[in-house]
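Here is a short briefing for a first look at this structure. Keep the sequence and the 3D view at hand while reading.

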Amino acid sequence: MAAPAAPATALAAPAEASSSSFERGGWSFEARRCPIWSSDRADQLARELQLCKVPDMFCGDAGPPGEPLLGRVQCEVGPRMSREGQVAGRWKPRSDIPDVVELEATSDWTCSTPYWGGVVRGGGPAEEPTGGEADGEAEELPWELLRRQDEIHWYDEVLFWEDELSDFGLCRSSVRVRVMPTFWFALLLCELRVDNVLLREVATRFYCSLDADHMLREWTWREASYEALRRRGVAPEASPHVSQCSSGTALLGPEDVRRQLRQRIPLWTAGADRCGQPAAASRGEGEAGAGRADLGA
């Protein structure tokens, strides 16, 4: 297994709300940071969603500032806390044995989530994949291009939540986005470490070429127990990647992928041009606009 990268620097929750924005290639980008919620607000959210807990550091004031234009696409990610994430149902065991009773889990004490962001069209609800729209055989991300050391025109990262699991580990949710000369890329991460039990990383990657008619989304669930890591010579308890501010998920490798989904998302509806108008309608130069990407926290 290749040597893992250096431990990541921990993100800090801001004391005051702030935001940054950028525009390129018909896309507008906005990253918003907000302070940690008070315990009263967190407790109210837990009651409303029937959660066993809300992360200790929960930056929950997120949400796109406006509606996308008709026909355009809005890609949004935020501190999603829900009874079940979009993919959670696919991980439930299925059994026809009458003596096996499946209990409904209303929340996870580790605060981990399979949330993979939302895609909104024309002010409608976030779209979910159905059938062949999301699978493991769809178009792969252009990794060679993503690893190239090109100029970064804009970069930001936002912390959504963090919890030390009562000193039994760490769970963190965050997003990073960068805009390059020819594309933009976003990484939504949920990292989990339960000490002496397991490491888990749920990563959603968005990629969009600035001259393309679609964007790509790749969702990957990686997980390994401490026992499995030790069997292949990795000692999490002795690794510099495992600390109070580092989850240790850098120790996970390709062999730890439990499931992966890929999705090709059209940037505008059938029969519409890049501005959301009927394809037959004429438009002047420079009117193309794909949409917006919002990173709330």
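Glutamine 263 is buried in this predicted model. Its relative accessible area is 8%, which falls below the 20% cut-off for buried residues. Glutamine 263 sits in strand 12, residues 257-266. Its side chain makes a polar contact of 2.7 Å with the side chain of arginine 217.

**The chain as a whole**

- The chain holds 3 helices and 13 strands.
- It has 297 residues, and 48% of them count as buried.
- Take the contacts between residues at least 6 apart in sequence: 67% of these join residues at least 24 apart.
- The exposed area of the chain is about 15,000 Å². Carbon and sulfur atoms supply 50% of that area.

**Nonpolar cores**

- In soluble globular proteins, nonpolar side chains tend to be buried together.
- The largest nonpolar core here has 40 residues. Trp27, Val54, Cys171, Trp184 and Met215 have the most contacts inside it.
- Several elements each supply at least two residues of this core. Among them are strand 2 (27-33), helix 1 (39-49), strand 10 (198-209), strand 11 (214-225) and strand 12.
- Strand 9 gives the largest share of this core, with 6 residues.
- A second, separate core has 11 residues. Leu141, Phe183, Leu187 and Tyr207 are included in it.

**Strand 7 and its partners**

- Strand 7 is mostly covered, with 8 of its 10 residues buried.
- Which way do strand 3 (residues 57-58) and strand 7 run, parallel or antiparallel? They run antiparallel and are joined by 2 bridges.
- In that pairing, methionine 57 stands opposite glutamate 162 of strand 7.
- Strand 7 also runs antiparallel to strand 8, and 9 bridges join the two.
- Here aspartate 156 stands opposite valine 177 in strand 8.
- The hairpin of strand 7 and strand 8 has 5 residues between the strands. In this hairpin, leucine 165 takes a positive phi near 55 degrees.

**Aromatic pairs**

- The count of aromatic pairs comes to 9.
- Phenylalanine 22 and tryptophan 154 form a stacked pair, because their planes lie at 5 degrees and the limit for stacking is under 30 degrees. Their ring centres are 6.1 Å apart.
- This pair links distant parts of the chain. Phenylalanine 22 is in strand 1 (residues 18-24), tryptophan 154 is in strand 7, and the two are 132 residues apart.
- Phenylalanine 22 counts as partly exposed, at 22% relative accessibility. Tryptophan 154 counts as buried, at 11%.
- Tryptophan 27 and tryptophan 184 form an edge-to-face pair. The distance is 5.1 Å centre to centre, with 65 degrees between the planes.
- Tryptophan 27 lies in strand 2 and tryptophan 184 in strand 9, so their pair ties together parts that are 157 residues apart in sequence.
- Tryptophan 27 is buried, with a relative accessible area of 1%. Tryptophan 184 is buried too, with a value of 1%.
- Which residues form one aromatic cluster? They are Phe22, Trp27, Phe29, Trp154 and Trp184.

Key:
Residues numbered from 1 in each chain as written. Predicted model: local features only at pLDDT ≥ 70, side-chain atom pairs only at ≥ 80, totals over all residues. Heavy atoms only, no water. Helix = DSSP H or I, 4+ residues; strand = E, 2+ residues; numbered from the N terminus. Buried < 20%, exposed > 50% of the residue type's maximum accessible area, 1.4 Å probe, protein only. Polar contact = N/O pair within 3.5 Å; in protein donor to acceptor, adjacent residues only side chain to side chain. Contact = heavy atoms within 4.5 Å. Areas by Shrake-Rupley, 256 points an atom, 1.4 Å probe, with all protein chains shown as cover. Core = buried A, V, L, I, M, F, W, Y, C linked by side-chain atoms within 4.5 Å. Pairing = 2+ DSSP bridges. Phe/Tyr/Trp six-rings, centres within 6.5 Å; stacked < 30°, edge-to-face > 60°.
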